[in-house]
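Hi everyone, and thanks for making the time. I'd like to walk you through a structure that is new to most of you, one piece after another. Please have a look at it on the screen before we start.

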Amino acid sequence: MKITAVTPYAVGEDRNFFFVVIETDEGTHGIGEGGITWQEPAMGAAVHSLAPLLVGEDPFRTEHLWQVMFRSGFFPANRLGASAISAIDIALWDIKAKALGVPLYQLLGGRVRDRVVCYPHVKATETIDLPDAARQAAEEGWKFIRLELPVAPGKGVLEPSAAVRGCVEDFAAVREAVGDDIEITVDVHTRLDPPEAIRLCRELEPYRPYFVEDPLRMENFDSFRKLARHVHVPLAAGEQYATKWEFRQQIEEELIDYARIDVCIVGGITEALKVAGWCETHYIKLAPHNPLGPVSTAACLHLDLATSYFGVQELPRLPGNVLSDLFPVQVPYEAGHLLPPTQPGLGVEIDLDALSKYPAIDGGSCPRLRRADGSFTNW
């Protein structure tokens, strides 16, 4: 079997998504997804630059092709390059499993669990407040829910002190609403500096968060040393990390308790498996990042099914509820859990004839937040 074509696609629904389809001379194709949202043109350009390295190659040589893609430009591929590699790598694993006639998890060591517990993004709306939204999620079968650091409604303003107070109040109200049997995570989204992050984590301790996610910006990994010394809640990070090298310090120094591996950024299945095994040696559980589309969900599911040291899976978009015409076959879901696919490969299929229904959203960009004084801060 040889690779004959590598094609990127940017599509839009409520947001843009980025996919790669790899074709072979035997008719088997594979699908991958890249994770740097709002940078679809850059990922597409990266895929086009990598395609000549792949055409004519054996798609089964996933490790070899990963090394070629990552290192062949002399300068190592980071962030955007790793996201393009991720999409290609996932597609290669999809091809390999389809060619062998097995679900992908069978090639990753086989199933270690029968289902994968997930969490949704729980938010208040105009018609339902946050505690009621959390209760509703629990009634639907979710065993975990995810909250986030609040932003001043309609103003695009995030003031750290007010956000910390609001987050603690929200968390306390939700804990009272759902009781102790539902696990609650909170996503800070890299919006705080160490003093505010420490205060938030310490004030959340009585309410037993499952983890506090991305309490700090990710550029300076050393900052987690200071944070970890001062707090007693589980910490999660990693969704922005590209390759095993960026996970190194936090794993080796045991600065996090949950690794938020994004299979569509870290370097695909090939690299995610390496990070997962490394995490297990330090008793760090996986909680894969998944704000993306059906291919990301499927790739995360297969990793989760084959990984012993697993915590919970992010799932804000239910299979079948996003890009349903483009992906008429998606992975199975039931009452807060993803279930093992039975068909070969990832368990998703793409209908390229439906692409015209999902044109990419022009001019889309990352939302922006500011402080009260007008200065820029992380969304």
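Let me begin with one definition: two strands count as a pair if DSSP finds at least two bridges between them. Please also keep in mind that this is a predicted model.

So, to the sheet. There is an open sheet of three strands here, in the order β1-β2-β3, and the pairing is antiparallel. The edge strands are β1 and β3, each of which pairs on one side only. On average, neighbouring strands of this sheet are turned by 20° against each other, if we ignore direction.

Let's take the pairs in turn. Strand β1 covers residues 3–12, and nine bridges join it to β2 in the antiparallel sense. You can follow the pairing by eye with a few residues. A5 stands opposite E23 in β2. Further along, Y9 has F19 in β2 as its bridge partner. Then G12 stands opposite N16 in β2. The link from β1 to β2 is a hairpin, with three residues making the connection.

Now for the other pair. Strand β3 takes in residues 29–34, and six bridges pair it with β2, again in the antiparallel sense. Here V20 is a good marker, as it stands opposite G32 in β3. The hairpin of β2 and β3 has four residues between the strands, and in that hairpin G27 takes a positive phi near 90°.

Is strand β2 mostly covered or mostly open? It is mostly covered: β2 spans residues 16–24, and eight of its nine residues are buried. As a general reminder, side chains in a regular strand alternate between the two faces of the sheet.

What lies across these strands? Helix α3, residues 80–100, lies across β1, β2 and β3, and it runs at about 150° to β3. Helix α11, residues 294–305, lies across β2 and β3, running at about 100° to β3.

Let me move to a single residue, T62. Its place is in helix α2. Why do we call T62 buried? Its relative accessible area is 6%, and buried means under 20%. Leaving out residues up to four places away in sequence, T62 touches D89, L92, W93, K96 and T270.

Next comes helix α8, residues 243–252. Seven of its ten residues are buried, so α8 is largely enclosed by the rest of the structure. Which residues of α8 are the buried ones? They are T243, K244, E246, F247, Q249, Q250 and I251. And what do they pack against? The buried residues of α8 meet several elements, including α2 (62–71), α7 (223–230) and α10 (268–281). Also on that list are β8 (235–237), β9 (258–259) and α9 (263–266). After α8 comes E254, with a positive phi near 55°.

To finish, let's look at the spaces. How many cavities of 30 Å³ or more does the structure hold? The answer is one. The largest cavity has a volume of about 40 Å³. Its lining is made up of G293, P294, T297, R317, L318, P319, V322, Q330 and V331. Sorted by class, the lining of the largest cavity has five nonpolar residues, three polar and one charged.

Then there are the pockets. The second largest pocket has a volume of about 190 Å³. Among the residues that line it are P120, H121, V122, K123, W142, P316, L318 and Y333. Helix α4, residues 130–139, gives the most to this lining, with three residues. By class, the second largest pocket is lined by eight nonpolar, two polar and two charged residues. Here is a small thing to look for on the screen: L318 is in the lining of the largest cavity, and L318 also lines the second largest pocket.

That's my tour, and thank you for listening. I'm happy to go back to any part you'd like to see again.

Methods. Residues numbered from 1 in each chain as written. Predicted model: local features only at pLDDT ≥ 70, side-chain atom pairs only at ≥ 80, totals over all residues. Heavy atoms only, no water. Buried < 20%, exposed > 50% of the residue type's maximum accessible area, 1.4 Å probe, protein only. Helix = DSSP H or I, 4+ residues; strand = E, 2+ residues; numbered from the N terminus. Axes fitted to C-alpha atoms, helices over the stretch in contact; angles between N-to-C directions. Contact = heavy atoms within 4.5 Å. 1 Å grid on protein atoms, 1.4 Å probe; cavity = no way out; pocket = protein on both sides within 12 Å on 5 of 7 lines; lining within 4 Å. Points joined across faces, edges and corners; volume = space filled by probe spheres on them. Nonpolar A, V, L, I, M, F, W, Y, C, P; charged D, E, K, R; others polar.
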